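Here's a quick briefing on one structure, put together for someone who likes to see where the strands and charges sit. Have a look at the sequence and the model first.

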Amino acid sequence: MTIYEIEGGKPMAGELTAQGAKNSALVLLSAALLAKDVTVLKNCPEIRDVAAQLEILQSLGCVCSREGSTVAVDATGVSSTEVPQELMRQMRSSVTLLGALLGRCGTGSIHTPGGCAIGARPIDYHLQAFADMGVVIEKEGDHLSAAMRQRKDSIVMLPFPSVGATENVMLLAARLPCTTVLSGAAREPEIVDLAKLLNQMGAVVMGAGTDTVTVRGSNCLNGAQHTVLPDRIAAATDLCAAAVTGGSLTLRSVAVRHMGAAIEALIRSGCEIRSEEGAVFLKAPKRLSGMGILRTMPYPGFPTDLQAPFVTLAATAEGDSVMVENMFENRYQHVPQLHRMGADISVSGRVALVRGRPLHGGQVEAEDLRGGAALLLAGLGAEGNTKVHDAQHCIERGYERITERWNSIGASIRVQSLA
Ligand code: UD1
């Protein structure tokens, strides 16, 4: 259990540097399995999910080390193709290890990641895509074994631009001596980052960032060195922190071009924003305004991972906002917690109607990563004292040194870690 105790109402002002992207680092670490030697990732965030992924890689026979923000994975001695169940449970995104194991070893076993706090999160698109690429899959309960039956050129079509399924197809395709054409692909920046690493390793990946990705793979990939792209979700969360406190922030080492939807929403809330290559500057009004309608969509639309933080902004604003969550069916768990702090939010299915008003401090519980961040933001923006109880250490899964960074620019958050 981690407890965050926040003294609210303190405007934040200063400068921060963005962390490396969690969602990129995790899949790049899966990609490291494909190489016959060492892959080095710079700007790899020091967060729980990355630690869990490194633990899984070690259990598969890789040798992993970290020095500051640089992580090295030596996949020379991969000796197992079974992802241990207890490690798989720690982190759903380890599902991309299946594509990497199939590519590297021809077989792979995982336990299906199952539901999580934000919804059912099925992997049927991943499995259908693998089947289209010549993989045979056997399921027993939640245990899933996959084996390459036939290495062949293939055309794969995703019914929805799933990020994880796109990554899984690319990982497997990169290590096959064939050509794979994937249509209906996700276009997130993390997909482009993965393509860059795979290309450096010796595969030929074209079209990443569009809805059709073509991969000409190779049965021998080398390790490579790559810098993880900046985390657009964590960066936007930093901007939200300054915004909700009526403060100002200079954020460096960001990819501003990946943050269009978040920046547009912040401008609608009344923040002044300027940007230049690699940096964004925010100045918030004393009180934020309602933001109209925000709809979560695949990239470049408004990201579902920012839905919870922006619901908090809307909850403290003057005026109404409407959030429509189109990506996950159960992603409003932070709302009952925000009610405890005086928020006026009504949820009906995918739609949340938020009537902004000043929030007061309270005792709340974090149930998922982004919902947890939203509660920290609420604490920063509220009058009085807030305690966020994070029994599962959700917030540490994705945010690097969040309290230390925010306290350095004027927040007042005390952290208590209980076993
Ligand atoms: C990734 C991100 C997550 C982000 C999400 C959407 C990582 C580690 N996680 O998750 O932070 O919130 O993208 O941007 O990168 N779906 C199916 N069947 C499938 C796969 C997906 O029905 O086989 C559905 C999902 O239930 C969801 C939608 O497709 O409704 C999008 O999911 P997907 O893009 O796959 O999300 P993840 O890759 O799991």
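What follows covers one small set of paired strands, the helix beside them, and some salt bridges.

Keep in mind that this is a predicted model. On the backbone side, we'll look at an open sheet of 3 strands. On the side-chain side, there are 12 salt bridges in the count, and a few of them get a closer look below.

**The sheet and its helix**

- The strand order is S6-S8-S7, with antiparallel pairing.
- Strand S6 (107-111) and strand S7 (135-140) sit at the edges, so to speak: each one pairs on one side only.
- On average, neighbouring strands here are turned by 15° against each other, if you ignore direction.
- S7 and strand S8 (residues 143-148) run antiparallel to each other and share 6 bridges.
- If you want a spot to click on, try Glu-140, which stands opposite His-143 in S8.
- Helix H4 (residues 96-105) lies across S6, S7 and S8, and its direction makes an angle of about 160° with S6.

**A salt bridge between distant parts of the sequence**

- Glu-5 and Arg-414 form a salt bridge, and their closest N and O atoms are 3.0 Å apart.
- Glu-5 belongs to strand S1 (residues 2-7) and Arg-414 to strand S23 (residues 413-417), so this pair ties together parts that are 409 residues apart in sequence.
- Arg-414 is exposed, at a relative accessible area of 57%.

**Salt bridges between residues closer in numbering**

- Lys-10 and Glu-7 meet through their side chains in a salt bridge, at 3.7 Å from N to O.
- Lys-10 counts as partly exposed, with 31% relative accessibility, and Glu-7 is partly exposed too, with a relative accessible area of 41%.
- Glu-264 and Arg-268 make another salt bridge, with an N to O distance of 3.6 Å.
- Those two are 4 residues apart in helix H9 (residues 260-268), which means about one helical turn separates Glu-264 from Arg-268.
- Glu-264 is partly exposed, with a relative accessible area of 46%, and Arg-268 also counts as partly exposed, at 34% relative accessibility.

**A shared network**

- Lys-22, Asp-49 and Arg-397 are joined into one network by salt bridges that share partners.

Key
Residues are numbered from 1 along each chain as its sequence is written. This is a predicted model: local features need pLDDT of at least 70, side-chain atom pairs count only at pLDDT 80 or more; totals for chains, interfaces and linings use all residues. Side-chain values use heavy atoms; hydrogens and water are left out. Two strands pair if DSSP finds at least two bridges between them. Axes are lines fitted to C-alpha atoms, for helices over the stretch in contact, and angles run from 0 to 180 degrees between N-to-C directions. Contact means heavy atoms within 4.5 Å. A salt bridge is a side-chain nitrogen of Lys or Arg within 4 Å of a carboxyl oxygen of Asp or Glu. Buried means under 20% relative accessible area, exposed over 50%, partly exposed in between (1.4 Å probe, protein chains only).
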